[in-house]
Amino acid sequence: MKERTHYIKLNMLVSFGLILVASLALALVVFAIQPASIVETWVCVRESGYLTFFLNWIPIISVILLIYFVFNNVVIACGISGAVVILFSAVNRNMINIRQDPFKPYDLMLGNELLGIARSLDITIFVSLVISVVVFLALLIVCVIFIRNKPMNLMLRCICVAVSIVNLAVVNKTVLSNSAIYDDLYMVGNVYNTTDNFQSKGFLYSFLYTLNTDRIVIPDNYNSDKPEIERRLAEFVPIDFQTPELVKPNVILILAEAFSDILINPELNFDDRTDPMANYKRIADDSITGYIVVPNIGGGTADTEFDIFTGLNTRHFRATAYTYNLVTNPMDALPTYLSRLGYDNIALHPGFGWFYNRNNVYKYLGFSDFLASEYFDTSDTRGMYITEKQTIKKIIDEYDKHMRLAPDIPFFEFCVTIQNHGPYPGKYNAEKNFDTTLNLSEKAQDALANYIVGMIDADRELNNLVTYLNDRPEPVVLVMYGDHLPSFTTEIYNALIPGEPDESFEWISRLYKCPFVIWQNKAASEQ
């Protein structure tokens, strides 16, 4: 009597058909999961001549084929590939929604931050994710039991595995790491913004391109000769930390979210409206002002912090998720030096302490205390984030507290603001608050109007802080600077900062220049 089988046997031709369908479906899922609208995604795919879709599909089918030949099982091949692709796409979506920065290869090393993001998810989302994983695994097990492939000749399988590996290597070398292909793809948004690139060119392809191209490189003319390094270090005059006559004013350092002066533009008219830079311009007239060149545009706040505190340059460490990831032990930095000068110091940030690993990094940089979101009223938000008003009030409260408890000890207070973080379309539901002759789309004008609302809040609170400090009897120096330009589209920047591209420093740095202002109160100016 013939043995009865309880499973379906698939031949190679049917398996190839299933692999083709599954790989195309997964490529569509990658685009569907992205936070970008379906319309914008479709425009990018169509305008690229469907090359964008192909570039996200080719690594999927290549990996599925490799796994299929290794296990001779189409269910396992499609199941494993699908699970990884969908999981990574979901992580990318949540990281963009939470921190406006996509999921990149080196984020895989950030266990604590990924756990922090997971803990910050709404409980219903977390439960849905767990249920989805359980259901997926159950279906995969059932399919493995009841769907099998007909045996394949071992020699043929080995040849196919070898060919698949070579194919993956060739595709990776010639296509997935090709800068010319990546740069030429049609995109919506700002070409310098990582999130816009990932959204327009597809998460999976962008993830793999970043994996291939982000490297720590040796700078031009780098000299590793130890005697030469020691000779140059000897040229610096060491600070005498014990000098009694050294003037030690209290210092407040503020990294202002997306703070820029691009609104001081002859093409933007605020007549009969609120000038979003009125107080800043008045304060700047009585201050030292200038520009810093920051590492990123539209995000990467911690990289700017790293550059300011250490004097090192983030651009030399592009193969790490962010430069704070390199700070794993105590190191010399601005807070460290001020501590040696006798300063008591504190860091404030109305965001999660685990974000960018600030809980640990600030200690390594020399801060004695760090007040994160749990020290703020998290219900007092505007545009999704804790308000500028509450943040500046916290600066004042901590300063006042120190002056009451330890007035003879100089105080260094650092704060990162957060309210005016992008994205800006619809952020504050802003009505039109400027006039312009620039030919800007409706969406661009909406983004600009919402950004202006946040800048008005920041400008008002800057004035409140300066007013408070100016009445203090002890000397205080206030330093404020922007972390990066706002996450605008190229359309807005081309309109506000026009010009012909060239190799000049001004053109290359135009989207990375943020203003700083160094102001002193009346007591400090007398000294």
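Is N72 buried or exposed? In this predicted model, N72 is buried, with a relative accessible area of 10%. That value falls under the 20% limit for a buried residue. N72 sits in the loop that links α3 (51-71) to α4 (74-99). Its side chain reaches the backbone oxygen of K150 at 3.3 Å. Once neighbours within four places in sequence are set aside, N72 is in contact with I67, N149, K150, P151, M152 and R157. K150 thus appears twice for N72, as the residue whose backbone oxygen the side chain reaches and as a member of the contact list.

The chain as a whole comes next. It holds 20 helices and 13 strands. Of its 527 residues, 50% count as buried. Among contacts with a separation of 6 or more, 75% involve residues 24 or more positions apart.

Seven of the strands form an open sheet. Their order is β5-β13-β12-β3-β10-β6-β7, and the pairing is mixed. Strands of a sheet pair through backbone hydrogen bonds, either parallel or antiparallel. Two strands, β5 (288-293) and β7 (370-371), stand at the edges. Each has a single partner strand, so one side of each is left without a neighbour in the sheet.

In the sheet order, β10 stands between β3 and β6. The strand β10 covers residues 411-416. It pairs with β3 (residues 250-256) in the parallel sense, over five bridges. Within that pairing, V251 has F412 as its bridge partner. On the β6 side, five bridges join β6 to β10, and these strands also run parallel. The strand β6 covers residues 344-348. There, N345 stands opposite F412, and I346 stands opposite E413. F412 is therefore matched in both pairings, with V251 and with N345.

How many of the residues of β10 are buried? Six of its six residues are buried, so the strand is mostly covered. Their side chains are split between two directions. F411, E413 and C415 point one way, while F412, F414 and V416 point the other way. Both sets are buried. E413, which stands opposite I346, belongs to the set with F411 and C415.

The loop after β10 runs to β11 (435-436). Two of its residues were examined. P423 lies in this loop. A cis peptide bond joins G422 and P423, with omega at about 0°. N429 lies in the loop between β10 and β11 as well. Its phi is near 55°, a positive value in a residue other than glycine. N429 counts as exposed, at 67% relative accessibility.

Y356 also has a positive phi in a residue other than glycine, near 60°. It lies in the loop between β6 and α15 (358-365). Is Y356 buried or exposed? Y356 is buried, with a relative accessible area of 6%. N429, by contrast, counts as exposed.

The largest pocket holds about 1100 Å³ of space. Of the 40 residues that line it, the closest to its centre are Y192, T194, D214, N296 and R318. By class, the lining has 15 nonpolar, 14 polar and 11 charged residues. Which helix gives the most to this lining? That helix is α9, with five residues. Three helices, α8 (179-184), α9 (194-201) and α10 (203-213), each supply at least two residues. T194, one of the residues closest to the pocket centre, falls within the span of α9 (194-201).

The helix α10 is itself mostly covered, with nine of its 11 residues buried. The buried residues are F203, L204, Y205, S206, F207, L208, Y209, T210 and N212. An α-helix has 3.6 residues a turn, so residues three or four places apart point the same way. In α10, the buried residues include an unbroken run from F203 to T210. The helix is also among those that supply at least two residues to the lining of the largest pocket.

How values were computed:
Residues are numbered from 1 along each chain as its sequence is written. This is a predicted model: local features need pLDDT of at least 70, side-chain atom pairs count only at pLDDT 80 or more; totals for chains, interfaces and linings use all residues. Side-chain values use heavy atoms; hydrogens and water are left out. On a 1 Å grid over the protein atoms alone, a cavity is a set of points where a 1.4 Å probe fits but cannot get out, and a pocket is an open set with protein on both sides within 12 Å along at least five of seven lines; lining residues have an atom within 4 Å of a point. Grid points are joined across faces, edges and corners, and a volume is the space filled by probe spheres set on the points. Helices (H or I, at least four residues) and strands (E, at least two) are DSSP runs, numbered from the N terminus. Ala, Val, Leu, Ile, Met, Phe, Trp, Tyr, Cys and Pro count as nonpolar, Asp, Glu, Lys and Arg as charged, and the others, Gly among them, as polar. Buried means under 20% relative accessible area, exposed over 50%, partly exposed in between (1.4 Å probe, protein chains only). Two strands pair if DSSP finds at least two bridges between them. A polar contact is a pair of N or O atoms within 3.5 Å; within protein, one must be able to donate a hydrogen and the other to accept it, and residues adjacent in sequence count only if both atoms are side-chain atoms. Contact means heavy atoms within 4.5 Å.
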